[in-house]
Structure formats: structure tokens, C-alpha cells
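Trainee: I am new to this structure and should be grateful for a close look at one part of it. Please choose the part yourself, and explain each term as it arises.

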Amino acid sequence: MSPEYFRWEESNWHSDDKDWRKAKMITAGIDVGSVSSQAVIMVDGELFAYGNMRTGSDSPDSARKAMQGALEGTDMKREDIQFTVGTGYGRVNVPFADRLITEIACHARGANFLYGPTVKTVLDMGGQDCKVIRCNEKGKVTEFLMNDKCAAGTGRGMEVMSELFAVHIGEIGSMSMDIIKEPLPVSSTCVVFAKSEAAGLMRSGWSKNDVLAAYCGAMAHRVSNLLKRVGVEEDFAITGGIAKNIGVVSRIEKEIGIKALTPDFDTQIAGALGGAIFAGDLLLKSRKAI
Amino acid sequence: MTFDFLLPTLTLMLGYIANYGYTDGSGDYYITIDGNNCDGCAKCVAACPENIIEVILNDYDELVAEVRSDAVKNLKYICAPCKPVSSPRELKCQMACPKGAITHSW
């Protein structure tokens, strides 16, 4: 079997120094996206564990797999979780969700927790869509725009390019920065056409790095137009898989003239984390009602 | 005298501005529903000849109008009958809204 260049690393993490057995509140958020699925477990409002897996052809199965990834290495069981919120593209298919919440609200809430309450604009670059969210200091959405019609400016487009150039997806960003002069961006907006345009550029003698830079530049340009439509207020943060791609992030920063906050965690978990925070609120509400 | 103590309640009451639609090679196609003005009266739901608007309870338990998710990716074509090229456009959803919460980007 040939190597799969688009295949990013699945990951999971859990906190060792936390005793969840004494906790009053154990909540989870599950984000089943079009490309990746995440599960985040929070104990008493603090991040306890997460799993980040590839979405398969079966959404309920992907949700279960992400949950297993998060629980791996801990002695917690799925039954110990008191409230679960499902979110993302495939949220209707999460079998053990107590409530479904749109990914827009969840991403705003998750970014608010991860980057702090100063975040006012969140750009989520997901697997198959792109969202611009404006939120207030509490993480409540004040305006949003979502473009899920077109794969240009999404992770899927980047995966297509990584396969074409036989470059691992994690290296595209740094390779696209390793150039002498910034090339003109790829002119096609559609990923399928952009792929043939990129192949054409390669044939006409461009180096791999230059073509990747041209593609990252095109992607940044498309996303910047969405950002300008809604308006960017500082602080500005990027979530989703593309936030790990320095080539796209730095070009977006250049285009809008605003620096993005630098993350020190996996940016893909923002949606599921927001779901887990919502789950905490809903659990408290339901307890008060009793 | 300041009214700072009112701010938390005010922010809780505010809705959000939602842009439904897409950008493609031919332009921007967005219907914007301003949740700060929309109270979920559903007059636009009745007015739309293509029946693309519905009133939902959103994530913050507010009643607001929303563009149906199966229509979002085809707005350019679905809304075309209300936007004739040769005569003045009469956007029925916009005229029906008593608070002017609906705008079209194209």
C-alpha cells in the first residue's frame, strides 16, 4: 500500500493528576465533523481528557471511537459521564448525546475557554466548511457566517493537495514558507480546478514549495474575504485543523493585518470542548429544576 | 449615574446576527437575519413563496427565524423569482418583517 500523505496523526490526552471520582460534575462534548471526530471530557469545569480521531463512513461509530480515544488510559467509563452534548456536522448521529447544539455556538464557547475571554472573532477552518464567528466576552455568538458549499479554504482541499504533491499534510505549512519570493495565488477557487492548475504549474517548472505557497495564498485570500464580510475585531483566533498550518495562518494574518493568537493545544478540539462546557451548564440547570 | 449593572442582563437578551448562504465563483449570496430585531413572529415564514424560512428555538433558547438548512446552498436560484432583472425587486420576506430584520447581500 502506498503511503497516505493526507493522514494526520490521531491523538489523545488525559490529565493524570486529577481524581475524577470525587468530582461533582462530569460532562462530555462530542464533535462529529466531516473529516475528524473529537470527544472532550470535563471534570468540574476543567479539561480532563480528549480524543481526536478520523471520522469514518459511519457517524455513530466515529462518535464511539472518539469517546474511546478520550477514555483510553483513564479508568473512567462512558456511564460515569453525567451529561453529553453532541455537535458538528454529524451531530444527529451521536447515539449517546443528551442534547444537540450547533457547532457555531460550541466553537465560540470552546475558543472562549481555550484562548480566554478576550477573543472576539473566531475563524474555524474545518474539514469541509469554514465559519467566521463573532462572540462576546462570555463566548456567546453575536454574529456568524458559515460557508459549507465549497471545499476551497478547508482541510479537505489541503488533503487533496498533499496527495498530489506526495507531501505529508503536516509539512505543507512549513514548506510553503520556505520560498524566495511569494508567488501569485492559484486563481481557481474550486479545489478540483485548483488541483489541475497546480499540476500545470508543476509541469511548467515551478518548484513544489512555490506551488504549495500559491495554494496556501489562494486559501488565505478566500477566507479573508469571508472575514472581511463579517468584520474582524481583536482578539482574533483560529480553530480547526488548518490552524496548525503556518503557511495559511501567516498569510491570513498578512491579508487582514491582524495577528492571530497562538495556540498551545490541539486546535481541533475547540468544538467538542465548547460542547462539554454547554453540557456543564445544562446539567446545572437540570439539577436546579429538580 | 451609570447603568453598568444592567449590562449583563442586556447582553443576555441580545440575539445574534446570522448570515445564511455561501460565496462561490460568481459572488456572495447571503440572507442576513438580525436576531437582535427578530422576535420569531413568523410573518416571513408565511410570506416566502418558496417556503425557505422557519422559526426555531436556537441554542440559547431564543425564538428566531432561520433559513432552512436544505435551502442554504441554493439561495441564488431559490430567491431568483423575487429578484427580476427588468422590474423592481419586491423581496417578500423583507416587506413582511415588521422590524426590518432581514437583508439580502445580492
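Mentor: The account below begins with the sheet and then turns to its surroundings.

The model is a predicted one, so local features are given only where pLDDT is at least 70, side-chain atom pairs count only at pLDDT 80 or more, and totals for chains, interfaces and linings use all residues. Residues are numbered from 1 along each chain as its sequence is written, while chains are lettered from A and ligands numbered from 1 in the order in which they are written.

The part I have chosen is an open sheet of 7 strands, in the order β10(A)-β7(A)-β8(A)-β9(A)-β1(B)-β2(B)-β5(B), with mixed pairing. Strands here are DSSP runs of E of at least two residues, helices are runs of H or I of at least four, and both are numbered from the N terminus. Two strands pair if DSSP finds at least two bridges between them. At the edges stand β10 (236-239) of chain A and β5 of chain B; each has a single partner strand, so one side of each is left without a neighbour in the sheet. From one strand to the next, the twist averages 15°; such angles run from 0 to 180 degrees between N-to-C directions, along axes that are lines fitted to C-alpha atoms, for helices over the stretch in contact.

Within chain A, strand β7 (residues 121-125) and strand β8 (residues 130-135) pair in the antiparallel sense over 5 bridges. One position to find there is L123(A), which stands opposite V132(A) in β8(A).

The sheet then passes from one chain to the other. Strand β9 (residues 141-147) of chain A and β1(B) run parallel and are joined by 3 bridges. F144(A) stands opposite A18(B) in β1(B).

This junction belongs to the contact between the chains, in which 13 residues of chain B meet 18 residues of chain A. Two residues are in contact if their C-beta atoms, placed from the backbone, lie within 7 Å. On the side of chain B that touches chain A, strand β1 (residues 17-24) of chain B supplies the largest share, 6 residues. That side of chain B divides into 5 nonpolar, 4 polar and 4 charged residues. Here Ala, Val, Leu, Ile, Met, Phe, Trp, Tyr, Cys and Pro count as nonpolar, Asp, Glu, Lys and Arg as charged, and the others, Gly among them, as polar.

Chain B itself has 4 helices and 5 strands, which run α-β-β-α-β-β-α-α-β from the N terminus on. Of its 106 residues, 30% count as buried. A residue is buried if 20 or more other C-beta atoms lie within 10 Å of its own, exposed if 12 or fewer, and partly exposed in between, with C-beta atoms placed from the backbone. Among contacts in chain B between residues at least 6 apart in sequence, 52% join residues at least 24 apart.

The segment after β5 (102-104) of chain B holds W106(B). This tryptophan, W106(B), is partly exposed, having 13 other C-beta atoms within 10 Å. Leaving aside residues up to four places away in sequence, W106(B) touches G27(B), D28(B) and Y29(B). The first of these names, G27(B), is 79 residues from W106(B) in sequence and 8.4 Å from W106(B) in space, C-alpha to C-alpha.

For comparison, consider another strand of chain A. In strand β3 (residues 36-43) of chain A, 8 of the 8 residues are buried, so β3(A) is largely enclosed by the rest of the structure. In a regular strand the side chains alternate between the two faces of the sheet. From β3(A), S36(A), Q38(A), V40(A) and M42(A) point one way and S37(A), A39(A), I41(A) and V43(A) the other, and all are buried. β3(A) pairs in the antiparallel sense with strand β2 (residues 26-32) of chain A over 7 bridges, with I30(A) opposite A39(A), and a hairpin through 3 residues joins β2(A) to β3(A). β3(A) also pairs in the antiparallel sense with strand β4 (residues 46-54) of chain A, over 8 bridges; there the bridge partner of M42(A) is L47(A). The hairpin of β3(A) and β4(A) has 2 residues between the strands, and D44(A) takes a positive phi near 50° in that hairpin.
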